[in-house]
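Okay, thanks everyone, let me grab the screen for a few minutes. I'd like to walk through one protein and spend most of the time on its charged pairs.

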Amino acid sequence: MAADQQYRRGRMAKRSDEIKLGRRFFLKGATLAGAGALTAPLSVAAQEAAPPKAPASSIPAAPDREAERGMPADVQPITQSSSGGDFMVDVMRGLGIEHAAAFVGSSFRGIHESLINYGMLTEPHIDFLSCMHEEVSVAMCHGYAKIEGKPMAAMMHDTVGLQHGSMAIYNAYADRVPIFLITPTAPDLRTRKTMVQFVHSVQDGAAIVRDFVKWDDRPGSLQHWAESATRAWKYAMTPPYGPVLLVTSTDLQEDPIEDAPRPAIPHPPKIAAPQAEDGALRDVAKMLVAAEAPVLVCDRVARTPAGLRYLVELAELLQAPVVDASGRMNFPWRHPLNQTSRGRAAIAGADMILGMEMTDFWGTTHSFVPHTDVSTQSITKPGAKRISLSAVDLNFHSNYQDFQRYPDADLALEGDAEASLPSLIEACRVLIDQNKRSNFDLRGKKLGDAHLAALGEQRALAAEGWDSQPITTARLVMELYNVIKDEDWTLASGSLFQNSWPQKLWHADKHHRYIGDAGAYGIGYTAPATLGAALANKKHGRLTVSIQSDGDLMCCPSALWTAAHEKIPILYIMHNNRAWHQEIMLLQQMANRMQRGVDRTHIGTTIRDPFIDYGKLAQSMGVYGQGPVTDPKDLNAAIKRAIAVVKRGEPALIDVVCQGR
């Protein structure tokens with residue numbers, strides 16, 4: 001505030017005459033005496049003769065202060081004791097929302113003012129998080145929900161703000177994540193004050209995102225808003241989770257709360273997730289117990305820590321292998337029954353495959369080369385049964401094709417896998433006799449040996465090029481793990497671009513250790529989403545780390561400023577391969593297909609000429625920055641220095657120059 005006042009004083013000292021004439025000239029009722037001076041410049045002689053103005057020594061007089069605020073001197077300010085925004089804040093409190101993130105927008109100034117002067121100052125608090133882009137605010141909600149298990153709010157300026165945030169909303173939709181979204185509208189043209197408000201007004205504000213939000217509404221009163229907000233929260237938190245949107249009138253935000261009748265706030269219900277039908281679960285149990293080589297395949301099973309425990313219990317009961325697609329932390333990475341590193345072999349040998357909350361069940365059971373039909377084939381053996389258990393089919397839209405190829409399951413159960421697992425476990429338990437138990441134990445012993453053999457192979461692969469420059473992704477991942485392994489850590493970023501080395505080499509057995517990737521793989525996700533995860537982890541005292549792709553960061557670099565401004569502790573380690581490496585590989589494939597060579601495939605796919613210094617970029621945003629680190633022998637000390645910064649409650653970034661994957 002002091003800096004803002006100093007800026008205003010200096011500006012007024014330099015342009016006091018112009019301010020008196022031109023400030024807020026567009027306001028109705030403002031008097032612009034001497035307006036002709038604006039179009040008749042002084043002569044050269046007069047300009048040279050004019051003495052320099054003395055700097056202002058005090059705040060201008062009251063009339064000018066009112067003009068600076070945009071209030072003509074002859075208009076009395078409107079005052080009121082409450083606003084609809086206050087009521088909306090109370091509704092959000094009742095839903096358990098603790099944080100609201102936003103890039104400033106005048107169309108939600110009513111809620112904004114209520115949050116900072118009411119929500120942040122009275123119990124229970126709702127914190128306002130300052131962002132510099134709508135993608136950042138929405139993606140922060142995305143990462144937060146995957147740690148905390150509930151939504152936080154994001155506000156987006158009407159029309160253009162929602163357009164900015166739309167990709168991050170789609171990521172959350174495809175990743176089955178609950179987010180409480182608000183975008184304003186000015187439905188009454190009489191309350192649109194400026195030309196810009198007309199440009200930013202829209203008849204159907206939710207239309208642009210309706211295909212990838214779970215539900216939306218445009219309430220017409222505060223009572224309507226309260227009921228719709230509660231309904232939205234209920235839908236968001238009923239599996240399959242998803243983002244919800246309230247298009248909120250600026251008039252409702254800013255007008256006083258009506259007294260007759262005064263709007264009431266509904267109580268949010270306790271939600272029971274939809275469970276698959278008991279008879280169908282008993283049929284699946286019979287098939288699992290009778291199978292000689294069952295395989296459990298999972299992607300987003302563990303919505304909560306209970307999901308991980310249930311999946312471990314089922315796998316151990318059956319001594320069945322688990323192949324984890326890693327949409328969440330579904331199964332301990334070093335558990336003997338974890339066969340993810342040899343997943344193709346396990347699936348190829350299965351006589352029954354149970355796919356739970358799968359994003360791409362078809363891709364799990366098939367081998368294919370993208371964009372061709374010649375090599376597409378099933379990898380399952382003849383007669384193998386495929387069973388699907390998922391809540392995703394309970395809420396699907398047809399426009400966006402995130403549902404992948406049709407899995408052609410022999411039995412499809414509609415229900416949330418985590419909610420259905422206890423009944424499935426009990427149904428299996430009653431069918432297992434001592435003879436079955438002995439056979440299962442022998443199977444488990446073989447799977448444990450296979451897990452150890454695969455681990456040895458992965459460790460040998462990780463050792464290749466250990467001292468290479470650029471640094472290998474395996475070396476980067478293991479140097480990080482060696483520093484954080486005794487901490488209560490979360491790897492909040494996806495691992496696909498690091499060849500899934502964490503899953504192959506680290507030990508992780510808690511739900512918050514890993515939260516998966518973007519869902520729709522919309523670039524720009526990682527920096528803000530992992531920041532949201534760090535926000536959720538902050539109150540738990542956990543250490544949040546993110547292996548940050550370079551091209552991804554440059555889509556939303558302002559997330560670093562929010563990290564510093566809000567004092568959110570997180571360690572970003574740049575996977576700086578100075579390229580969009582996946583695109584290089586795909587472009588090289590295309591160039592080879594066209595028999596044109598690969599010598600020009602760096603064009604449009606590399607980040608060079610100049611290289612970006614991410615350490616300095618971080619420093620410019622107020623984040624502790626190091627690097628670029630090019631020698632792998634320097635990694636350990638650099639990570640320890642950065643961890644010390646994070647432990648004192650601040651964000652840090654290390655720029656590491658790495659190989660492609």
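I'll start with the overall picture, then go through some salt bridges, and end on a patch at the surface.

One thing up front: this is a predicted model. We've got 661 residues here, and buried ones make up 50% of them. In terms of secondary structure, there are 25 helices and 18 strands. Now look at the contacts: if you take those between residues at least 6 apart in sequence, 80% join residues at least 24 apart. As for the outside, the accessible surface is about 30700 Å², and carbon and sulfur atoms account for 54% of that.

Okay, salt bridges. How many salt bridges does the count come to? The answer is 26.

Let me pick out a few. Here's Glu254 with Arg109, side chain to side chain, at 2.8 Å from N to O. Glu254 sits in helix H11, residues 250-254, and Arg109 is in helix H6, so this pair ties together parts of the protein that are 145 residues apart in sequence. Are these two buried, or partly exposed? Glu254 is partly exposed, with a relative accessible area of 26%, and Arg109 is partly exposed too, at 39%.

Next up, Asp216 and Arg210. Their closest N and O atoms are 2.9 Å apart. Here the burial is mixed: Asp216 has 17% relative accessibility, and the cut-off for buried is under 20%, so Asp216 counts as buried. Arg210, at 33%, counts as partly exposed.

Then there's Arg513 with Asp488, where the closest N and O atoms are 2.8 Å apart. Where do these two sit? Both are in loops: Arg513 between helix H19 (501-505) and helix H20 (526-538), and Asp488 between helix H18 (473-484) and strand S14 (489-491). That pair links distant parts of the chain, 25 residues apart. Arg513 counts as buried at 8% relative accessibility, while Asp488, at 29%, counts as partly exposed.

And salt bridges can share partners: Lys146, Asp175, Asp299, Arg300 and Arg328 are joined into one network that way.

Last stop, the surface. Which residues make the nonpolar patch of about 250 Å²? They're Ile116, Met120 and Leu121. Ile116 belongs to helix H6, which spans residues 109-119; that's the helix we met with Arg109. Ile116 is partly exposed, with a relative accessible area of 33%.

That's my tour, happy to rotate the view if anybody wants another look.

Key. Residues numbered from 1 in each chain as written. Predicted model: local features only at pLDDT ≥ 70, side-chain atom pairs only at ≥ 80, totals over all residues. Heavy atoms only, no water. Patch = residues over 30% accessible without salt bridge, like charges linked within 9 Å, V, L, I, M, F, W, Y side chains within 5 Å. Areas by Shrake-Rupley, 256 points an atom, 1.4 Å probe, with all protein chains shown as cover. Salt bridge = Lys/Arg side-chain N within 4 Å of Asp/Glu carboxyl O. Helix = DSSP H or I, 4+ residues; strand = E, 2+ residues; numbered from the N terminus. Buried < 20%, exposed > 50% of the residue type's maximum accessible area, 1.4 Å probe, protein only. Contact = heavy atoms within 4.5 Å.
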